[in-house]
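Grab a pen and open the viewer: here are a few exercises on helix packing and buried charges. Try each task before you read its solution.

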Amino acid sequence: MRDVLVLCPQERDLAAIHAAMLERDYCIHFGGSDLDQLEAFDPEDFLESLADTPAEGVVGTKDQSALLAALLAEGRDLPGPRPAALVACQHKPTSREIQRRVAPEATPDFALLDGHVPFGTPFFVKPVVGRLSQNVYRIDAPGDLVGLHEFDRYTTRYARIAALAGADPDSVHGFLAEELLSGDEVTLEGYVHGRTTTPIGVTDSVKYPGTFSFERFEYPSRLPEERQAELSDVAARVLPALGFEGGFFNVEFFVPSEGPAQIIEVNGRIASQFAPLVQGLHGRSTYDALFELACGEDPRWQTGLPDGVGVSYCLRVFEDAFVEAVPDPEEGVEILVRPGLLLSEQGVNDSQSYRLAILYGFGETRVEAVDRCREWAQGLSFRLAPVPVR
């Protein structure tokens, strides 16, 4: 059995690995714990602590753990994406410059925010290095730029990890301004092996009405075949230009009704939230393919369009609250908060809302799958109280 080391696993990783029954084919080792649950973290000490852990492949499923995995794999001369390629994906100005060179039609206008308004409002700003729509803002007037702030703990920790990959730690701070985009928001997931880019599938992203907060992700996408082929073509140009090889990626796009698709961002990692959807509809887990890639093998992914629709549904609230109680664990539900804390004191949230749970549901039709998830979400027994006055 091959040894695979999974770095900083989240609960979702453990569930997906178990669901894919990967313990039958691999001796799986877990190093560290979910970085979102840690206040302090020293990347050099962490990597040193794994020196004697056997591994023929190393994986991480979040941006920072994926970069740590790449550093460890490079140090041991194991397969997988190189750290420089992951930094090129994760550092948005670098990624945008490369996108503009090889896929100009798919790259929005952008500029580093350095104290002046780079182009006409409205536009979006996002951290130079960030995640999950945190601290992403729409700017409708210059005054909206006042008070922008990064997620300091995340950015500071990323700077220390990226420095081990040869990046300038100061370069990860600040904001990028980008032109306002519109259209259907989708994610293309796939992998690169032997310089060949293989698409897995396209998932639609649907937001709560009038917000920037995602309500659900629907797989497979509604997009027609020719538009999905367009996304695959863009990815096949961008990923090699970023130097990305031997790993999973996902590329988020806006797809307007007319004109070329526009890249939102490129992520050099698996889309872990979509893994249950892919496995439920195709019978094969993307984690299975991830482990094969980590060991230097071609996953040879061959699936057609699935029968039915899978939905990853995100239950959110739009005001802070004190969590008094949460539902008991059940299959198909990820509980994202703990009792005894404010919503704002836990979890990974965007600038408008707070996540409570993620549910995975399926149906023969899109409407059936969405209705099933909404009904299930409404029945979850979260007990929230107003924020105490202090």
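**Exercise 1. Work out how helix 4 and helix 5 sit relative to each other, and which residues form their contact.**

Solution. Keep in mind that this is a predicted model.

Step 1: helix 4 and helix 5 turn out to be roughly perpendicular, because their packing angle is about 90° and angles of 65 to 115 degrees count as that. Their axes lie 5 Å apart.

Step 2: look at who touches whom. Helix 4 brings A88, C89 and Q90, while helix 5 brings K92, T94, S95 and I98.

Step 3: sort those residues by class. You get three nonpolar, three polar and one charged.

**Exercise 2. Decide whether helix 4 (residues 83–90) is enclosed or open, and find what covers its buried residues.**

Solution. Step 1: list the buried residues, namely P83, A85, L86, V87, A88, C89 and Q90.

Step 2: that is seven of the eight residues, so helix 4 is largely enclosed by the rest of the structure.

Step 3: the cover includes helix 3 (63–76), helix 5, helix 6 (152–164) and strand 12 (262–267).

**Exercise 3. Classify the crossing of helix 3 and helix 6, then take its contact apart.**

Solution. Step 1: the two axes come within 10 Å and cross at roughly 15°.

Step 2: angles under 35 degrees count as roughly parallel, so helix 3 and helix 6 are roughly parallel to each other.

Step 3: for handedness, helix 3 passes helix 6 in a left-handed crossing.

Step 4: on the helix 3 side, the contact uses D63, Q64, L67, L68 and L71. Helix 6 answers with Y154, R157, Y158, I161, A162 and L164. By class, that makes eight nonpolar, one polar and two charged residues.

**Exercise 4. Do the same for helix 5 (residues 92–102) and helix 7 (residues 225–241).**

Solution. Step 1: here the axes come within 9 Å and cross at roughly 130°. That makes helix 5 oblique to helix 7.

Step 2: this crossing is right-handed.

Step 3: the contact residues are I98, Q99, R101 and V102 from helix 5, plus R237, V238 and A241 from helix 7. Sorted by class, there are four nonpolar, one polar and two charged.

**Exercise 5. Is R12 buried or exposed, and which side chains does its own side chain meet in polar contacts?**

Solution. Step 1: find R12 in helix 1 (residues 11–19).

Step 2: its relative accessibility is 13%, and buried means under 20%, so R12 counts as buried.

Step 3: the R12 side chain makes a polar contact with the side chain of S272 at 2.9 Å, and another with the side chain of E334, also at 2.9 Å.

Step 4: leaving out residues up to four places away in sequence, R12 touches S272, Q273, Y287, E334, I358 and Y360.

**Exercise 6. Describe the surroundings of K126.**

Solution. Step 1: K126 belongs to strand 5 (residues 123–127). With a relative accessible area of 8%, K126 is buried.

Step 2: the side chain of K126 has a polar contact with the side chain of E178, at 3.0 Å.

Step 3: beyond four places away in sequence, K126 touches K92, R96, N135, V136, G174, F175, L176, E178 and I264.

Step 4: now check a residue elsewhere in the chain. M21 is 105 residues from K126 along the chain, and their C-alpha atoms are separated by 38 Å.

Key:
Residues are numbered from 1 along each chain as its sequence is written. This is a predicted model: local features need pLDDT of at least 70, side-chain atom pairs count only at pLDDT 80 or more; totals for chains, interfaces and linings use all residues. Side-chain values use heavy atoms; hydrogens and water are left out. Axes are lines fitted to C-alpha atoms, for helices over the stretch in contact, and angles run from 0 to 180 degrees between N-to-C directions. Helices (H or I, at least four residues) and strands (E, at least two) are DSSP runs, numbered from the N terminus. Angles under 35 degrees count as roughly parallel, over 145 as roughly antiparallel, 65 to 115 as roughly perpendicular and the rest as oblique. A crossing is left-handed if the near helix is turned anticlockwise from the far one by less than a right angle, and right-handed if clockwise. Contact means heavy atoms within 4.5 Å. Ala, Val, Leu, Ile, Met, Phe, Trp, Tyr, Cys and Pro count as nonpolar, Asp, Glu, Lys and Arg as charged, and the others, Gly among them, as polar. Buried means under 20% relative accessible area, exposed over 50%, partly exposed in between (1.4 Å probe, protein chains only). A polar contact is a pair of N or O atoms within 3.5 Å; within protein, one must be able to donate a hydrogen and the other to accept it, and residues adjacent in sequence count only if both atoms are side-chain atoms.
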